[in-house]
Amino acid sequence: MPEGDTVWQTAKRLHTALAGEVLTLSDFRVPKYATVDLTGRTVLEVTPRGKHLLTRVEGGLTVHTHLGMEGSWKVYAAQQRWTGGPAHQIRVVLAAADARPARTAVGYRLPVLDLLRTTEEDRAVGYLGPDLLGPDWSPDRALANLLADPARALGEALLDQRNLAGIGNVYKSELCFLLRATPWLPIGALPAEHTTQLPVLAKRLLEANRDRPIRSTTGRHGQDLFVYGRANRPCLRCTTPIRLANQGDGSRERPTYWCPNCQAGPAPSLATRHSAPHTARETRPSASRRTTN
């Protein structure tokens, strides 16, 4: 699942390519919108909302997309080969051939693709909490949301987009490490000084990374992340091997990394550590690298 900074970068790339341009091609490749044609409409803006993307076009319409686990938006120049995947994985194509330079945006493997009235965007994103990278950010409201259920595990509370929007598995693990608490610690048991610091620290991390091609939470060259993707490797703080487990009810992939020495609180035992092969895609250190085209 992409983090908020990844979605912010995607929105910026799409906005730069399409905003202010008249669409010369509109191709929705999903049955629900097979007859929709936005050709001739001007793209007004592309904006992120948490992990959602809102492409607003002339006439009061919004193309709402979410990248999910495997989705992506690619932007191509004229005559450039499309390399985001096979043609059957394309869900939508939006092009501005008369722009200078011409650009084509291609959405691959998008699990969410909706066309909404712009005035009704809240149907899709109204449930979200304050956006860490958005104009509605409010640390006080985010903290109040997080503490509304003090018995809830810290990691699960951070991932709940209704509390605050933009945190995924990477930042969940990294934030818990920086707060010196395991992701399974009830958020109400977090020391007071760390509790008040949490929303500020989360925003600082995402803002620091929204313009970087490679995400870093450490500030160290060649050592980009403290714990995420580093299972069985030595902790950068104390050299204890980093552990990996899945958090949650198992309905979603939630690979979670922590240092058993640096982070206080409950955690799964070694015998119940998560090591299912299907999470290998997210557990490699290269998960911190993001597509830049």
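**Close-ups of ring pairs and cysteines**

**View 1. F177 and F226, two buried rings.** Both of these phenylalanines, F177 and F226, are buried. We're looking at a predicted model here. F177 sits in helix α5, residues 169-178, while F226 belongs to the loop between α6 (192-209) and β9 (243-246). That puts the partners 49 residues apart, so this pair ties together distant parts of the chain.

**View 2. The Y76 and W82 pair.** This is one of five aromatic pairs that turn up across the whole structure. The ring centres of Y76 and W82 are 6.1 Å apart and the planes meet at 15°, so the pair counts as stacked. How much of each partner is accessible? Y76 is buried at 0% relative accessible area, whereas W82 comes out as partly exposed at 32%. Now back to the rings of View 1: F177 and F226 are stacked too, at 4.9 Å centre to centre with 25° between the planes.

**View 3. C259 and C238, no bond.** Why isn't the sulfur of C259 bonded to the one in C238? The C238 sulfur is the closest cysteine sulfur to that of C259, but the distance is 3.6 Å, which is too far for a bond, because a disulfide needs the two sulfurs within 2.5 Å. C259 itself is buried, with 0% relative accessible area.

**View 4. C262 and C238, no bond here either.** For C262, the closest cysteine sulfur is again in C238, and at 3.6 Å it is too far off for a bond. C262 is buried, with a relative accessible area of 9%. The disulfide count comes to zero.

Methods. Residues numbered from 1 in each chain as written. Predicted model: local features only at pLDDT ≥ 70, side-chain atom pairs only at ≥ 80, totals over all residues. Heavy atoms only, no water. Buried < 20%, exposed > 50% of the residue type's maximum accessible area, 1.4 Å probe, protein only. Phe/Tyr/Trp six-rings, centres within 6.5 Å; stacked < 30°, edge-to-face > 60°. Helix = DSSP H or I, 4+ residues; strand = E, 2+ residues; numbered from the N terminus.
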